[in-house]
Amino acid sequence: MSEREAPGKLELSVAGEVYRCSWSIGIKAELERFSEHRDELTAELTVYSTRPPRAGLLHSARFNLMSSQARSTLAKALASRDDDLDWYDLIESMCFVVRERYRNGEPSIDMRDYTPTGRPRWLIEPFLEHGGPTVFFGDGDSGKTMMAIAIAVTCATGIPVFGQLQGEPGPVLYVDYETDEETFYERLTAICAGAGVRERPPIYYRRQGSSLRDAAPSIRREIDERRIRAVTIDALGQACGDDPQAPDVVLGLFNVIRSFRVPTLGVDHVAKNASDQGKAFGSVYKHNGPRVTWLVEKAQEEGASSFVVALVNKKRNNGIKRPRLGYRIECESQDDESLVAVRFRGADLAVDFPEKASLPQRILAELGHATAALQPAELVERLGARPDQIRARLRDLRRDERVVALPDGSYALRSRSA
């Protein structure tokens with residue numbers, strides 16, 4: 001038997017909980033779902049080859065990195081598939097490097113030598129940041145999925161259907177736990193038609209049944225192979241695969257999302273009877289895990305083909321919360337109620353959804369409707385707010401040059417101050 005080929009230097013990359021090993025001789029290995037107990041460190045190991053004549057999957061099983069017997073057994077199994085390679089050397093170095101990296105964690109970075117990449121903060125402003133996941137949450141049928149698909153179209157085309165793309169457009173992966181490809185296709189086609197998008201955008205639909213953690217390896221491969229710029233998960237409750245009120249389940253979910261290394265939008269629900277309707281249903285980590293969250297609320301007249309949504313920015317880690325946003329979503333349907341076109345228009349919450357408008361928005365609306373400037377006491381009476389709240393918001397609006405204070409103490413819109 002000829003001397004076996006040495007594997008060469010191991011190259012290791014880590015994305016979240018996924019460890020990827022590669023060797024120049026055409027072998028790759030992925031390890032994930034680590035578990036350490038007493039003298040064992042186990043992980044799910046998958047080994048691939050690009051070497052003839054056995055290119056493709058070579059091995060996939062749970063593997064104990066600390067066991068000499070397990071390493072020997074694995075080397076023999078792989079040698080039966082490719083006897084020209086020194087598998088003992090390859091496995092020994094892999095176990096050592098991965099174990100040390102797993103226990104030591106991310107290497108520290110000397111910030112004196114660090115050079116920022118210069119990427120913009122937002123992928124889709126003001127909804128999807130590069131620094132971590134965003135969650136849209138609200139009652140069922142509140143328009144969350146429509147907006148999530150519209151954001152995907154914005155990312156894939158650069159056309160500002162919903163939000164504004166910062167940078168170059170790119171493919172989106174849509175992971176769906178709630179509907180099917182026929183429903184998604186109808187909605188996507190209608191949103192593209194409403195926005196005047198003629199060519200079908202590069203959006204990849206994935207109907208998912210297993211938990212996100214179980215599906216993560218193949219999702220990560222798809223992200224790499226298709227050069228995915230953003231991922232949408234609809235909805236996070238089903239993606240958990242277990243009790244969404246269990247902290248370890250939700251923490252595991254966001255660890256998986258972090259391993260994708262691309263901006264991710266999650267769609268979620270609120271609990272009907274929860275005391276705090278400002279957070280998604282489940283563990284407190286449903287609120288703590290995302291970097292940005294938006295509460296979505298809907299107003300629709302019975303039988304109307306359009307509805308208004310109010311978006312309230314409940315959390316933003318990397319800056320101040322954005323003002324409330326209002327959109328009117330117009331749905332055009334055929335006689336069989338199948339969607340033909342969906343359009344997104346800006347809406348004035350103070351007019352279209354007044355109970356969800358912020359106090360500054362309501363003040364501006366009152367000043368805009370009034371035939372003359374208004375005193376703070378008049379605004380208190382009309383809006384039912386406390387005098388100190390009105391005075392504070394008037395100061396903010398004056399500072400932002402939205403209103404002016406007149407000599408008699410009344411206030412008017414700056415555009416009408418003449």
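**A walk through the chain, one contact at a time**

Let's start with a single residue: Arg-103 is partly exposed, with a relative accessible area of 43%. One thing to keep in mind as you look around is that this is a predicted model. Now, what does the side chain of Arg-103 meet in a salt bridge? The partner is the side chain of Glu-36, and the gap from N to O is 2.7 Å. Arg-103 sits in helix α2 (residues 87-104) and Glu-36 in strand β3, so this pair ties together parts of the chain that are 67 residues apart in sequence. Glu-36, like its partner, counts as partly exposed, at 38% relative accessible area.

Time to step back and take in the whole chain. There are 418 residues, and 47% of the residues are buried. Follow the chain along and you'll pass 12 helices and 19 strands. If you drew a box around the C-alpha atoms along the principal axes, that box would be roughly 100 × 55 × 40 Å.

Back to the charged pairs. How many salt bridges does the structure hold? The count is 30. One of them joins the side chains of Arg-33 and Asp-214, with 3.3 Å from N to O. Arg-33 belongs to strand β3 (residues 27-37) while Asp-214 belongs to helix α5 (residues 212-226), so here the pair ties together parts that are 181 residues apart in sequence. Is Arg-33 buried or exposed? Arg-33 has a relative accessible area of 13%, and the cut-off for buried is under 20%, so Arg-33 counts as buried. Asp-214, on the other end of the bridge, is partly exposed at 46%.

Here's another pair to find: Arg-322 and Glu-125, whose side chains meet in a salt bridge of 2.9 Å, N to O. Arg-322 is in the loop between β15 (306-316) and β16, and Glu-125 is in strand β6 (residues 122-125), so this bridge ties together parts that lie 197 residues apart in sequence. Arg-322 has a relative accessible area of 27%, which makes it partly exposed. Glu-125 counts as partly exposed too, at 27% relative accessibility. Salt bridges can also link up into a network, and that's what you get with Arg-20, Glu-30, Arg-221 and Asp-224.

Next, have a look at the surface. Which residues gather in a patch of negative charge there? They are Glu-182, Glu-186, Asp-335, Asp-336 and Glu-337. Take Glu-337 from that group: you'll find it in the loop between β16 (325-333) and β17 (339-346). With a relative accessible area of 67%, Glu-337 is exposed.

The surface has a nonpolar patch as well. Ile-109, Met-111 and Tyr-114 make it, and it covers about 340 Å². Met-111 lies in the loop between α2 and β6. At 56% relative accessibility, Met-111 counts as exposed.

Now for a methionine with a different setting. Met-146 is part of helix α3 (residues 144-157), and at 12% relative accessibility it counts as buried. How far apart are the C-alpha atoms of Met-146 and Phe-344? They are separated by 9.7 Å, although the two residues are 198 residues apart along the chain. Something similar can be traced from Ala-412, which is found in strand β19 (residues 411-413). Ala-412 is buried, at 11% relative accessible area. From its C-alpha atom to that of Thr-371 is 9.9 Å, with their positions 41 residues apart along the chain.

Last stop: the cysteines. How many disulfides are there? The count is 0. Why is Cys-192 in no disulfide? A disulfide needs two cysteine sulfur atoms within 2.5 Å, and the nearest cysteine sulfur to Cys-192, that of Cys-155, is 13 Å away. Cys-192 is buried, with 6% relative accessible area. Cys-240 counts as buried as well, at 11% relative accessibility.

Technical notes: Residues are numbered from 1 along each chain as its sequence is written. This is a predicted model: local features need pLDDT of at least 70, side-chain atom pairs count only at pLDDT 80 or more; totals for chains, interfaces and linings use all residues. Side-chain values use heavy atoms; hydrogens and water are left out. Patches are made of residues with over 30% relative accessible area and no salt bridge: like charges are joined within 9 Å, nonpolar side chains (Val, Leu, Ile, Met, Phe, Trp, Tyr) within 5 Å. Accessible areas come from the Shrake-Rupley method with a 1.4 Å probe; for residues, only the protein chains shown count as cover. A salt bridge is a side-chain nitrogen of Lys or Arg within 4 Å of a carboxyl oxygen of Asp or Glu. Lys and Arg count as positive and Asp and Glu as negative; His and the chain ends are not counted. The place of a charge is taken as NZ of Lys, CZ of Arg, CG of Asp or CD of Glu. Helices (H or I, at least four residues) and strands (E, at least two) are DSSP runs, numbered from the N terminus. Buried means under 20% relative accessible area, exposed over 50%, partly exposed in between (1.4 Å probe, protein chains only).
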